[in-house]
Amino acid sequence: MAALSQLVDNVVVNTFELEGPITRIGRHPDNDIVIDEISVSGHHAVIEAEENAYLDDTIDFFISDSKSTNGTFLNDVRVQGRQRLNSHDLVRIGWNLFRFVDEDENSLEKTAYILEE
């Protein structure tokens, strides 16, 4: 199961499991993950889960920014378009830091992704 773990001073304070094919993140209460904090836009970012084209029973996760005011960052680089998440990536939404954790990810997934391009 994949999840976003919210970090404060490098300590996990909250964990959100990514259960559906689409997880919406933002300040507005209609999001799947609600972050009630001023630096977060109403509809800030989206995480999508898709089957891997090369590995059976493997799910890939992608993040995209929803035209937020303060941006979405993946490993300190602003997300442009849609980017793949790898386990232990750091995601920043507004001033909030998260670690993406995918317990099912294996090293072959990264190779399969590179071949896809």
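Patches here are made of residues with over 30% relative accessible area and no salt bridge, where like charges are joined within 9 Å and nonpolar side chains (Val, Leu, Ile, Met, Phe, Trp, Tyr) within 5 Å. Accessible areas come from the Shrake-Rupley method with a 1.4 Å probe, and for residues only the protein chains shown count as cover. A salt bridge is a side-chain nitrogen of Lys or Arg within 4 Å of a carboxyl oxygen of Asp or Glu. With that in hand, let us look at the surface: Val8, Val11 and Val13 form a nonpolar patch with about 250 Å² of accessible area together.

Before going on, please note that this is a predicted model, in which local features need pLDDT of at least 70 and side-chain atom pairs count only at pLDDT 80 or more, while totals for chains, interfaces and linings use all residues. Residues are numbered from 1 along each chain as its sequence is written, and side-chain values use heavy atoms, with hydrogens and water left out.

## The two sheets

Strands (E, at least two residues) are DSSP runs numbered from the N terminus, as are helices (H or I, at least four residues). Two strands pair if DSSP finds at least two bridges between them.

One open sheet has six strands in the order E2-E1-E11-E10-E7-E8, and its pairing is antiparallel. Strand E2 (11-17) and strand E8 (77-78) each have a single partner strand, so these edge strands are left with one side lacking a neighbour in the sheet. Valine 11 of the surface patch lies in E2. Further along the sheet, E10 (residues 90-93) and E11 (residues 96-102) run antiparallel and are joined by four bridges. Here arginine 92 stands opposite leucine 97 in E11.

Another open sheet has five strands, ordered E4-E3-E5-E6-E9, with mixed pairing. Its edges are E4 and strand E9 (82-85); each has a single partner strand, so one side of each is without a neighbour in the sheet. Strand E3 (residues 22-26) runs antiparallel to E5 (residues 45-51), with four bridges between them. Two of the bridge pairs are isoleucine 25 with alanine 45 in E5 and isoleucine 22 with glutamate 48 in E5. On the parallel side, two bridges join E3 to strand E4 (residues 33-34), and glycine 26 has valine 34 in E4 as its bridge partner.

## Salt bridges

How many salt bridges does the rule give? The count comes to three, and they are set out below.

| Pair | Closest N to O | Strands | Separation in sequence |
|---|---|---|---|
| Glutamate 48 and arginine 82 | 3.2 Å | E5 and E9 | 34 residues |
| Arginine 82 and glutamate 50 | 2.3 Å | E9 and E5 | 32 residues |
| Arginine 84 and aspartate 60 | 2.8 Å | E9 and E6 (residues 59-65) | 24 residues |

Salt bridges that share partners join Glu48, Glu50 and Arg82 into one network.

Are the residues of these pairs buried or exposed? Buried means under 20% relative accessible area, exposed means over 50%, and partly exposed lies in between (1.4 Å probe, protein chains only). Arginine 84 and aspartate 60 are both buried. Glutamate 48 has 22% relative accessibility and so counts as partly exposed. Arginine 82 is also partly exposed, at 39%, as is glutamate 50, at 33%.

## The nonpolar core

A nonpolar core is a set of buried Ala, Val, Leu, Ile, Met, Phe, Trp, Tyr and Cys residues joined through side-chain atoms within 4.5 Å. The largest one has 19 residues, and Leu4, Ile47, Leu85, Val91 and Ile93 touch the most other members. Strand E1 (2-8), E5, E6, E10 and E11 each supply at least two residues of this core.

Which residues does leucine 85 contact, leaving aside its neighbours within four places in sequence? Taking contact as heavy atoms within 4.5 Å, the partners of leucine 85 are Ile47, Phe61, Phe62, Ile63, Leu74, Val91, Phe100 and Glu105.

## Two loop aspartates

Aspartate 9 is found in the loop between E1 and E2, and has a positive phi of about 50° although it is not a glycine. With a relative accessible area of 74%, aspartate 9 is exposed. Aspartate 57, in the loop between E5 and E6, has a positive phi of about 60° and is likewise not a glycine. At 85% relative accessibility, aspartate 57 counts as exposed.
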